[in-house]
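Reader: I like to know where each label comes from before I trust it. Could you take me through this structure and set the values against the cut-offs as we go?

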Amino acid sequence: MNMFKKLFGSSEPKKAKVEKVLPWQALNDVSQLEVIAEKSKTKTQIIFKHSTRCGISSMVMKQFVADYDVDSNADLYYLDLLSYRDVSNEVGYKFQVMHQSPQLLVLNNGVVVANASHGEINEIDLLKFL
């Protein structure tokens, strides 16, 4: 019977999906990077660089949101790199990382301690940087 439910669906009413919302802070000004570097001396800072026109970036971001469970132990920044190209470029210069998209940077003590792109983003164990 269970096989038929999988194949043809169930007559039971579907439960509404609850969309998970992360505590994103918009990263849209170069001046924020100095603040982020300073804050990383006392609290882990995470930057997610996202290309809003890239299907891979969207897929990675959805998986990141689904798996994210760090709560308030880190500050989480979202950078729309197409809208804020100058900020994206400055991230690379300031934190000495090559630009990629999508890209996740984890900062502690003013420096990037983890950096990943594409599918590798969701393989980072963020808890070990808290």
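Author: Gladly, and let us begin with a term: a contact here means heavy atoms within 4.5 Å. Please keep in mind that this is a predicted model.

Reader: With that meaning of contact, what share of the contacts with a separation of 6 or more comes from residues 24 or more positions apart?

Author: Such residues account for 65% of those contacts in the protein chain. One example of distant positions brought together in space is Glu34 and Gly110, 76 residues apart in sequence and 8.8 Å apart from C-alpha to C-alpha. Another pair is Lys62 and Lys20, with their positions 42 residues apart along the chain and 9.8 Å between their C-alpha atoms.

Reader: Which elements does the chain have, and in what order do they run?

Author: The protein chain has four helices and five strands. From the N terminus on, the order is α-β-α-β-α-β-α-β-β.

Reader: What makes Lys62 exposed and Glu34 partly exposed?

Author: The cut-offs decide: over 50% relative accessible area is exposed, under 20% is buried, and in between is partly exposed. Lys62, in helix H3 (residues 55–67), has 64%, so Lys62 counts as exposed. Glu34, in helix H2 (residues 32–39), has 47%, so Glu34 counts as partly exposed.

Reader: How much of the chain is buried by that rule?

Author: Buried residues make up 38% of the 130 residues. Strand S3 is mostly covered, with six of its seven residues buried.

Reader: How do you know that S3 pairs with S1 and with S2?

Author: Two strands pair if at least two bridges are found between them. S1 and S3 (residues 74–80) have three bridges, so they count as paired, and they run parallel. Trp24 has Leu76 of S3 as its bridge partner, and Gln25 has Tyr77. S2 (residues 44–50) and S3 have seven bridges, so they count as paired too, again in the parallel sense. There, Thr44 has Ala74 of S3 as its bridge partner.

Reader: Why is the pairing in the sheet called mixed?

Author: Strands of a sheet pair through backbone hydrogen bonds, either parallel or antiparallel. Here S2 and S3 pair in the parallel sense, whereas S4 and S5 pair in the antiparallel sense over six bridges. The open sheet of five strands, in the order S1-S3-S2-S4-S5, therefore has mixed pairing.

Reader: What makes S1 and S5 edge strands?

Author: Strand S1 (24–26) and S5 each have a single partner strand, so one side of each is left without a neighbour in the sheet. On average, neighbouring strands of this sheet are turned by 25 degrees against each other, direction ignored.

Reader: What joins S4 and S5, and what is notable in the turn?

Author: S4 and S5 form a hairpin with two residues between them, and Asn109 in the turn has a positive phi of about 55 degrees. Beside the turn, Asn108 stands opposite Val111 in S5. Asn109 has a relative accessible area of 55%, and the cut-off is over 50%, so Asn109 is exposed.

Reader: Where is His118, and is His118 exposed or partly exposed?

Author: His118 lies in the segment after S5. With a relative accessible area of 33%, which is between 20% and 50%, His118 is partly exposed. His118 also has a positive phi of about 55 degrees although it is not a glycine.

Reader: Which residues does the cis peptide bond join, and what is omega there?

Author: The cis bond joins Ser101 and Pro102, with omega at about -5 degrees. Pro102 is in the loop between helix H4 (85–95) and strand S4 (103–108).

Reader: How much space lies in the largest pocket, and which classes of residue line it?

Author: Rolling a probe the size of a water molecule over the atoms shows where empty space is left. In the largest pocket that space is about 160 Å³. The lining has eight nonpolar, one polar and three charged residues. Among the lining residues are Phe64, Tyr68, Leu104, Asn122 and Asp125. Asp counts as charged and Phe, Tyr and Leu as nonpolar, while Asn falls among the others, so Asn122 is the polar kind.

Notes
Residues numbered from 1 in each chain as written. Predicted model: local features only at pLDDT ≥ 70, side-chain atom pairs only at ≥ 80, totals over all residues. Heavy atoms only, no water. Buried < 20%, exposed > 50% of the residue type's maximum accessible area, 1.4 Å probe, protein only. 1 Å grid on protein atoms, 1.4 Å probe; cavity = no way out; pocket = protein on both sides within 12 Å on 5 of 7 lines; lining within 4 Å. Points joined across faces, edges and corners; volume = space filled by probe spheres on them. Axes fitted to C-alpha atoms, helices over the stretch in contact; angles between N-to-C directions.
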